[in-house]
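This report covers the charged surface, the nonpolar core, the salt bridges and some backbone details of one protein chain. The structure is shown first.

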Amino acid sequence: MKKVTVILVLAVSILAFGLYGQISSAEITREECFFLSSLHYTTGGMAYWYDKNNGGLETLTGIPYSKLACNECHVKSCDTCHKAEKDNKLSYSTEAAKNREMCLNCHKRIKAVMKADKEMNYQDVHFSKGMKCSDCHTPREVHGDGTQYTSMRQPGAKDADCENCHESVSSSTSHKIHRNKLDCNSCHVRQVVSCTNCHFDTFARSGKKVKIPVSGWVFLMNYEGQVTSANMQTYVTSGKTFMIFAPQNSHSVMKDGRACTDCHGIENVKKVQNGKIVLTWLENGELKNAKGVIPVVDGVAYDCVYYNYQDGKWIPIENAPKPLLQNVAYGTPLSEAQLEKLAMPMGKR
């Protein structure tokens, strides 16, 4: 009788977790519920890369991640995504979780790049065919597998991969030359949306995130032995500045990859090779940014305009200090040899 009671209590607890929200780990452990160790629940990636021990933003802020108002980024329970209303009653629904808008409620950078593509009369090749997030991202990714990953870019954390559907590629010159050296994203991602001037002081004080988004560019860095598309982000905290680079598939995917001359021998590559490139600048009081492909290389000055956010207004910081730089999500800068290959005009390789 005692054994039956324990089983019933556990069953009721699991049901309560799914229908009514978060319950303590004392009632259900990570071993009993994979979701409790998933990145959707822990936001472990943000915490890991923010940590001062990993060279993160905490180095400048001095505020531990646990003290920040990051709760909105956590999926606290199954019903955050699976709750639906049917016949005026709440119910569990897998279809609700497969709705792309459900994902975009939290994945706002993907929503931002979709907006940027639309404004430029572009559309992601997968979204244009009506594909859903769940067509590529598996339940194991979303719900966890019992392993507490430090980042969604940690090897093994994700199942989504171009080769899962595209088992073979055309025998084009580009594919022959770049095979196993470049990830598909490096050529087929059109652009990324970067958050610049994320004002940490405002976030720490009010929990409100304020930033200036820019688009029209894509960065290149190494990830798992291949060159891939990447993004950048800048922060301002107490007058200090911080910059990160990270591998990213922005879901702004083109069917046809870039032309050779979009990467090789271009002006952006020459500037990086010379040790300095201006990423953002002011033009008639408006923030402008570089466009096209930009390689990420150690020792290069990536100059930006930095702002303070005061009384609802953005105020440029004169003579802003040089940013502390961090490469995150297991991405690493391109080597000098890789940069040299990019710098060679086509036909002279």
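## Positive surface patch

The model is predicted. On its surface, K108, K111, K209 and K211 form a positive patch. One of these residues, K108, belongs to helix 8, which covers residues 108–119. K108 is classed as exposed because its relative accessibility is 52%, and the cut-off for that class is over 50%.

## Nonpolar core

The largest nonpolar core has 38 residues, and the members that touch the most others are W217, F219, L279, I294 and Y302. At least two residues of this core come from each of strand 4 (212–223), strand 5 (226–237), strand 6 (240–247), helix 13 (267–273), strand 10 (292–295) and helix 14 (336–343). Strand 4 supplies the largest share, seven residues. In soluble globular proteins, nonpolar side chains tend to be buried together.

Two of the strands that feed the core, strand 5 and strand 6, are joined by a loop that holds S238. Is S238 buried or exposed? S238 is exposed, because its relative accessibility is 57%. From S238 to C78 the C-alpha distance is 38 Å, with their positions 160 residues apart in sequence.

## Salt bridges

Six salt bridges are found in a search of the whole structure. One of them pairs R190 with D117, with 3.7 Å between the closest N and O atoms. This pair links distant parts of the chain, 73 residues apart: R190 is in the loop between helix 11 (184–188) and strand 3 (192–199), and D117 is in helix 8. R190 and D117 are both buried. Helix 8 thus holds D117 of this salt bridge as well as K108 of the positive patch.

Another salt bridge joins the side chains of R140 and D159, with an N to O distance of 2.8 Å. R140 is in helix 9 (residues 139–143) and D159 is in the loop between helix 9 and helix 10 (173–178), so the salt bridge ties together parts that are 19 residues apart in sequence. R140 counts as partly exposed because its relative accessibility is 26%. D159 is also partly exposed, at 27% relative accessibility.

The side chains of E286 and K288 form a further salt bridge, at 3.9 Å from N to O. The distance falls within the 4 Å cut-off for a salt bridge. E286 has a relative accessible area of 45% and is therefore partly exposed; K288 is partly exposed as well, at 29%. Elsewhere, R140, D145 and D159 belong to one network, joined by salt bridges that share partners.

## Positive phi angles

Which residue has a phi near 55 degrees, a positive value in a residue other than glycine? That residue is D87. D87 sits in the loop between strand 1 (83–86) and strand 2 (89–92). With a relative accessibility of 66%, D87 counts as exposed.

N121 is not a glycine either, and its phi is positive, at about 60 degrees. The loop between helix 8 and helix 9 contains N121. Its two flanking helices also appear in the salt bridges described above: helix 8 holds D117, and helix 9 holds R140. N121 is classed as exposed because its relative accessibility is 70%.

Definitions and conventions. Residues are numbered from 1 along each chain as its sequence is written. This is a predicted model: local features need pLDDT of at least 70, side-chain atom pairs count only at pLDDT 80 or more; totals for chains, interfaces and linings use all residues. Side-chain values use heavy atoms; hydrogens and water are left out. Patches are made of residues with over 30% relative accessible area and no salt bridge: like charges are joined within 9 Å, nonpolar side chains (Val, Leu, Ile, Met, Phe, Trp, Tyr) within 5 Å. Accessible areas come from the Shrake-Rupley method with a 1.4 Å probe; for residues, only the protein chains shown count as cover. Lys and Arg count as positive and Asp and Glu as negative; His and the chain ends are not counted. The place of a charge is taken as NZ of Lys, CZ of Arg, CG of Asp or CD of Glu. Helices (H or I, at least four residues) and strands (E, at least two) are DSSP runs, numbered from the N terminus. Buried means under 20% relative accessible area, exposed over 50%, partly exposed in between (1.4 Å probe, protein chains only). A nonpolar core is a set of buried Ala, Val, Leu, Ile, Met, Phe, Trp, Tyr and Cys residues joined through side-chain atoms within 4.5 Å.
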